[in-house]
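Student: Got a minute to go through a fold with me? I'd like to start with the overall build and then look at one strand.

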Amino acid sequence: MPAQPSQLRLAAALTALEDEGVVACPTEAVWGLSCDPDSERAVSRLLALKNRPVDKGLILVAASESQLAFLLADLTPEQRAALSAGWPGPNTWLVPHHNRVQPWIHGRFPTVAVRVSAHPVVRALCEAFGGPLVSTSANPAGAQPPRAAFQVLRYFGGSLDGMLPGEVGGASGPSQIRDLATGALIRA
């Protein structure tokens, strides 16, 4: 698994996030874009970069389950066990949001997609930020998700506010998505 970013680069990415910016970083399988999920300005900018409609919703990625506790508090012990069995790692779950996240995060859905990452760069960024971040593949809608930094730069050039260096993890594709209520596989 790739190494954690330097404190200098992490501080620069954190400053960009705090200034409502959009940053790119490697994840378990592809490069991703992240921003502050509570900043409508940052999320709007991220969606514009990707040419993605707000009603589709976005994934929240965290460094630990405790960073998602506000969303997981109402789950049954069996549901919590299912989440814990696949985390940290490239496993995303749809959980009820009970209006605890902004509408620009959950889109038109009664659930929100959440994941605890195993990637050291993502984990370090979420830890430095102090909570979950938006995580979506670093490509325009319909384009191939990037597995290398040069592809991110090709897609977005100087439009990003920060970029953490590193390598993607060993996963072969974007995280699988499952509905926690039904166990149904939404994206393989």
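What follows is a short run of questions and answers on this model.

Student: How many helices and strands does the protein have, and is it as compact as a globular protein of that length or less so?

Tutor: Keep in mind that this is a predicted model. The secondary structure comes to seven helices and nine strands. For 188 residues the globule rule gives 16 Å, and the radius of gyration is 15 Å, close to that, so the protein is as compact as a globular protein of that length.

Student: What share of the residues is buried?

Tutor: Buried here means under 20% relative accessible area. Of the 188 residues in the protein, the share that is buried comes to 49%.

Student: Which way do the side chains of strand β3 point, and are they buried or exposed?

Tutor: β3 covers residues 59-62. Ile-59 and Val-61 point one way, while Leu-60 and Ala-62 point the other way. On either side the answer is the same: all are buried.

Student: Which residue in β5 is the bridge partner of Ile-59?

Tutor: β5 takes in residues 111-116 and runs parallel to β3, with four bridges joining the two. Within β5, the partner of Ile-59 is Ala-113.

Student: And which residue in β6 stands opposite Val-61?

Tutor: This pairing is antiparallel: β3 and β6 (residues 133-137) are joined over three bridges. In β6, the residue opposite Val-61 is Leu-133.

Student: How far apart are the centres of the positive and negative side chains?

Tutor: There are 15 positive and 15 negative side chains in the protein. The centres of the two sets are apart by 8 Å.

Terms used. Residues are numbered from 1 along each chain as its sequence is written. This is a predicted model: local features need pLDDT of at least 70, side-chain atom pairs count only at pLDDT 80 or more; totals for chains, interfaces and linings use all residues. Side-chain values use heavy atoms; hydrogens and water are left out. The radius of gyration is taken over C-alpha atoms; the globule rule is 2.2 Å times the number of residues to the power 0.38. Buried means under 20% relative accessible area, exposed over 50%, partly exposed in between (1.4 Å probe, protein chains only). Lys and Arg count as positive and Asp and Glu as negative; His and the chain ends are not counted. The place of a charge is taken as NZ of Lys, CZ of Arg, CG of Asp or CD of Glu. Two strands pair if DSSP finds at least two bridges between them.
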